[in-house]
Amino acid sequence: MLDPNLFRNDLDSVIRGLASRGFEFDRETYQKLDSERRRVIQEAEVLKAERNRVSDEVAKLKRAKESADHLITQQRDMGDRLKNLETAEKAAEAAFKDFLSTIPNVPHESVPVGQDEHGNVEMKRWGAPAVIEQPKDHVELGTKLGILDLDRAAKMSGARFSVLKGMGAKLERALINFMADRQSAAGWAEVMTPYMVLPHSVYGVGQLPKFEQDLFKTMRGEDTLYLISTAEVPVTNLYREEILAEDQLPLRHCAFTPCFRSEAGSYGKDTKGIIRQHQFHKVELVAFTTPEQALAEHEHLTACAEAILEALELPYRRVLLCTGDMGFSSRKTYDLEVWLPSQKTYREISSCSWFGDFQARRANIRFRPKDGKPQFLHTLNGSGLAVGRTWVAVVENGQQPDGSIRIPKVLVPYVGAESIG
């Protein structure tokens, strides 16, 4: 959620920033809601002041042993009016907050302006794609080797699910352990979190109310529980409603979780294989920083995700997303895209985002400077990496002429073999 002071102090600048990402700000509704909120607050303050004045008069009359009945009647009337105003104030605050919750983050000044992915800017490339004559995709490779079974998964659960078998399952588990070990060694404190969360946790990272159709949910009695779409949700909410000490920051966590997404807006995209699934695994990186640390931490987090790709010998590129291609909560995002031989192109495998204080305001996460009042901290997160897409990249980039799959050297101790054949 954006700082309300941004709207009051420089509304035109905020509107321009939002317009650069294709969001049309409803100025009329904003002014109406803000005006009503201010009116009710001001009216309540005036009435409270008047009530205090009358209370002083009543006290004086009682000390003088004079009748104060007429003023006591006024007090009661003021009390009733204040209760009504308090109800109106809560309603006005809720309406104003609901309006703000639908507004995306304002892009950082370093983000290129663009309408869609065509406006993204490539920042770097690493590794040269191997020359593979007539490359096969991961579905054909995995099916022939007996390590991937999409038909039986569909029989159980429908489309966009998969079964990994034998060495395929072992490769998935090896990737999870390797990523978690590497990120933990790099200073990211590992956590294991719940996979189902209450609505306020999903709201805290900016996925509610806008993206409810993309989520799976279930019920526990009268409570709604959402299956997490990423470990970003529970890890960010570890510190919800808390004030951290400045010397704790930056605070870095990594977490392995399954992820669940309905992919409501992606029908027709990546229908073949396991690139876009309803259920998949990720090792996620989440950081909490002061505002001054945030940009440097964004570079650090991205580099930690890149280090996994480099260790796995997977060619990739880093792309700076333009204003029109960023996520709702993001202030700045780098996408890491890995080379897939079968598609002869780079595909996203990690999004590394800096959110400013956007999520911290929604989840009320603050820090206390050494000399000063508590203020909202900044949050960041990125995949380190999406395990299923890494599985695809390892299989496709490691394919050999005889149909076997070469295992990257760093994974051999985890897999227990140099190839799958």
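So, the largest cavity: in this predicted model, the residues around it are Ile275, Val338, Leu340, Arg347, Glu348, Arg389 and Val392. Three elements each give two or more residues to that lining, namely β12 (332–340), β13 (345–354) and α11 (387–397). What is the volume of this cavity? About 30 Å³. And how many cavities of 30 Å³ or more does the structure hold? Just 1.

Have a look at the chemistry of that lining, because I think you'll enjoy it: by our classes, 4 of the lining residues are nonpolar, none is polar, and 3 are charged. Arg347, Glu348 and Arg389 are among the residues you can pick out there.

Now let's stay with α11, since that helix also takes part in a helix pair. Its partner is α6, and the two pack at an angle of about 115°, with 10 Å between their axes. The crossing of α6 past α11 is right-handed. Which residues meet there? On the α6 side you'll find Gly168, Leu171, Glu172, Leu175, Ile176 and Met179. Facing them from α11 are Val387, Gly388, Thr390, Trp391, Val394 and Val395. Sorted by type, that contact has 8 nonpolar residues, 3 polar and 1 charged.

Let me zoom in on one of those residues, glycine 168. This glycine sits in helix α6, which covers residues 167–185. Is glycine 168 buried or exposed? Its relative accessible area is 0%, and buried means under 20%, so glycine 168 counts as buried. If we set aside the neighbours within four places in sequence, glycine 168 touches Ile147 and Trp391. You met Trp391 a moment ago, on the α11 side of the helix pair.

Here's another one to try on your screen. Put one marker on the C-alpha of glycine 168 and another on the C-alpha of alanine 68. Those residues are 100 positions apart along the chain, and the separation comes out at 85 Å.

That brings me to the whole chain. Along its principal axes, the C-alpha trace spans about 105 × 45 × 40 Å. The chain has 12 helices and 18 strands. Of its 421 residues, 48% count as buried. As for contacts with a separation of 6 or more, 73% of them come from residues 24 or more positions apart.

To go back to where we started: α11 helps line the largest cavity, and α11 also packs against α6. Thanks, everyone, and I'm happy to rotate the model for anybody who wants a second look.

Conventions:
Residues are numbered from 1 along each chain as its sequence is written. This is a predicted model: local features need pLDDT of at least 70, side-chain atom pairs count only at pLDDT 80 or more; totals for chains, interfaces and linings use all residues. Side-chain values use heavy atoms; hydrogens and water are left out. On a 1 Å grid over the protein atoms alone, a cavity is a set of points where a 1.4 Å probe fits but cannot get out, and a pocket is an open set with protein on both sides within 12 Å along at least five of seven lines; lining residues have an atom within 4 Å of a point. Grid points are joined across faces, edges and corners, and a volume is the space filled by probe spheres set on the points. Helices (H or I, at least four residues) and strands (E, at least two) are DSSP runs, numbered from the N terminus. Buried means under 20% relative accessible area, exposed over 50%, partly exposed in between (1.4 Å probe, protein chains only). Contact means heavy atoms within 4.5 Å. Axes are lines fitted to C-alpha atoms, for helices over the stretch in contact, and angles run from 0 to 180 degrees between N-to-C directions. A crossing is left-handed if the near helix is turned anticlockwise from the far one by less than a right angle, and right-handed if clockwise.
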